[in-house]
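Reader: I am new to this structure and would be grateful for a close look at a single part of it. Please begin with the metal site and then proceed to the surrounding themes.

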Amino acid sequence: MATRLSFLGAAGEVTGSCYLFDTGSVKFLVDCGMFQGGRDAQRKNRRFAFDPRQIAFVLLSHAHIDHSGLLPRLAAQGFTGPVYATAATGELLAVMLPDSAHLQEKEAEHEGTTPLYSVADAQACLSLLRQAEYGVAFRPLEGVPGAHGGVRCVFRDAGHILGSAIIELFLSDGKIVFSGDLGQPGRPIVEDPTPIEEADVLLVESTYGDRNHKSLVQTLDELAFALNDTLASRRGNVVIPSFAVGRTQEILYYIAELRRQGRIPAAEVYVDSPMAAAATRITLRHAKLPDLERVRFTESLEESMRINSVRAGAIIISASGMCEGGRIRHHLRYNLPRPECAVVFVGFQAAGTLGRRIVDGAKSVRLFREICPVRAKIFTINGLSAHADRDALLGWLGNFRRPPRQTWVVHGEPLAAQSLKDEIVQRLHWRAGVPDGGDCVAL
Ligand SMILES: [Zn+2]
């Protein structure tokens with residue numbers, strides 16, 4: 001029997017990454033991600049389209065919650081197999097899954113429902129992690145009693161965030177390649193995505209399948225201008241809402257670089273997010289970061305509150321990235337009303353979030369049940385992304401020496417996925433399609 005592949009998430013959308021493989025003798029998952037945003041997300045998160053007890057193992061591309069966030073629920077519902085991930089992914093999960101569980105518990109309490117999973121579930125599922133090393137082939141079923149092998153796989157560096165992987169799968173039906181989330185080449189901290197030359201079936205992400213990013217040079221010029229304008233000319237503080245994992249470390253890197261090149265004045269840099277501090281410590285174990293001597297990581301609430309009295313010369317990096325929760329809201333409260341300060345947005349702001357309202361030019365916003373006037377200068381820097389843009393995706397696809405038998409374009413909003421698919425068909429003359437969520441195909 002041919003292996004069957006079901007697209008259970010991140011098909012026609014960017015969250016909920018989950019692909020079910022059924023070889024006839026074994027069922028396994030690639031990713032087990034949480035659906036985020038949108039009306040249906042909560043409903044889709046609550047019901048698996050399979051019996052978790054029948055899943056033999058999980059291959060995990062990286063730590064982002066939209067790829068890993070339902071693992072604790074999978075384990076709580078009877079999955080007991082190994083979860084293969086790189087060492088760095090495992091370390092990030094040990095911070096991120098309990099944090100995600102904590103948010104679930106808080107939200108459920110607020111809404112009077114049961115949480116998707118508890119902190120205890122998250123802790124329990126971490127014990128299922130097994131380490132995969134880049135470039136080293138392994139058999140996921142080795143040592144599983146009663147299982148007969150046949151499945152072999154190799155993780156390759158995807159250059160997206162620390163520990164992220166492209167997954168090569170060798171089945172009796174041929175070689176399957178799952179791109180995972182691919183990084184933009186030429187970025188610090190992470191390597192460039194590994195070129196892959198062969199696949200029979202390819203699943204490729206398409207988050208930015210219809211767009212290119214601004215150049216890094218232009219992006220850093222914009223960042224340098226925002227910092228100089230605020231710190232040197234107007235003598236205020238710069239507040240940067242940032243995702244704790246990946247983006248914060250990247251911003252720290254660029255600030256150190258700009259400082260080293262003498263392009264920005266010396267400033268006190270605060271990283272005010274326990275999760276960002278933990279993610280930075282993990283990053284330092286696996287990658288090089290420039291001198292962080294002038295960076296202060298504030299863990300306790302007292303330390304965090306002390307930043308409120310700093311009137312000028314500070315760069316305050318805090319989470320959440322879209323200002324929906326976390327300590328960033330306190331820093332906005334103190335700095336948004338002051339015209340000499342600035343808020344610098346360095347990540348995507350989804351519709352409906354506080355960050356988006358500020359970016360869209362709101363004259364005032366609600367913070368802690370009070371009206372807060374927006375008088376600070378607002379900068380939006382769009383060139384930083386952990387995802388490959390359209391040209392980078394096509395460049396990576398250009399490494400294949402022969403067309404895959406079939407290419408599936410996944411992990412993109414419908415327009416982005418369709419646009420990349422069209423380009424693959426017209427430019428590369430490959431067979432490509434965009435699956436719908438729930439579609440099942442024979443390989
Ligand atoms: Zn990701």
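Author: His62 has a relative accessibility of 0% and therefore counts as buried. The model discussed here is a predicted one. His62 is one of the protein donors of the zinc ion, to which it contributes its NE2 atom. The other protein donors are His64 through ND1, His160 through NE2 and Asp181 through OD, and the donors lie 2.2 to 2.4 Å from the ion. Along the chain, the donors of the zinc ion follow the spacing H-x1-H-x95-H-x20-D.

Two of these histidines show how the site draws on separate parts of the chain. His62 is found in the loop between β4 (55-59) and α2 (65-68), while His160 is found in the loop between β7 (152-157) and β8 (165-171), so this pair ties together parts that are 98 residues apart in sequence. His160, like His62, is classed as buried, with a relative accessibility of 4% for His160.

The geometry of the site can be stated as well. The four donor atoms subtend angles of 91 to 169 degrees around the zinc ion, and the arrangement is therefore irregular. A tetrahedral assignment would require all angles to lie between 85 and 135 degrees. For comparison, ideal angles at a metal are 109.5 degrees for four tetrahedral donors.

Aromatic contacts also join separate parts of the chain. The count comes to twelve aromatic pairs. One of them is the tilted pair of Tyr19 and Phe178, with 5.2 Å from centre to centre and 55 degrees between the planes. Tyr19 belongs to strand β2 (residues 18-22) and Phe178 to strand β9 (residues 174-178), so the pair ties together parts that are 159 residues apart in sequence. Tyr19 and Phe178 are both buried.

Another pair, Phe225 and Phe379, is edge-to-face, with 6.2 Å between the centres and 70 degrees between the planes. Because Phe225 lies in helix α6 (residues 216-233) and Phe379 in strand β18 (residues 377-380), this pair ties together parts that are 154 residues apart in sequence. Phe225 is partly exposed, at a relative accessible area of 49%, whereas Phe379 counts as buried at 11% relative accessibility.

Two further aromatic features may be added. Tyr19 and Phe178 join Phe7 and Trp408 in one aromatic cluster. Elsewhere, the charged end of Arg152 sits over the ring of Phe170, 4.4 Å from the centre of that ring.

Note on methods:
Residues are numbered from 1 along each chain as its sequence is written. This is a predicted model: local features need pLDDT of at least 70, side-chain atom pairs count only at pLDDT 80 or more; totals for chains, interfaces and linings use all residues. Side-chain values use heavy atoms; hydrogens and water are left out. Rings of Phe, Tyr and Trp (its six-membered ring) pair if their centres lie within 6.5 Å; planes under 30 degrees apart count as stacked, over 60 as edge-to-face and the rest as tilted. Helices (H or I, at least four residues) and strands (E, at least two) are DSSP runs, numbered from the N terminus. Buried means under 20% relative accessible area, exposed over 50%, partly exposed in between (1.4 Å probe, protein chains only). A charge sits over a ring if NZ of Lys or CZ of Arg is within 6 Å of the ring centre and within 35 degrees of the ring normal. Donors are N, O and S atoms within 2.8 Å of the metal (3.2 Å for Na, K and Ca); water is not among the atoms, so sites may look incomplete. Four donors count as tetrahedral if all angles lie between 85 and 135 degrees; four count as square planar and six as octahedral if opposite donors are over 155 degrees apart and all others between 65 and 115; anything else is irregular.
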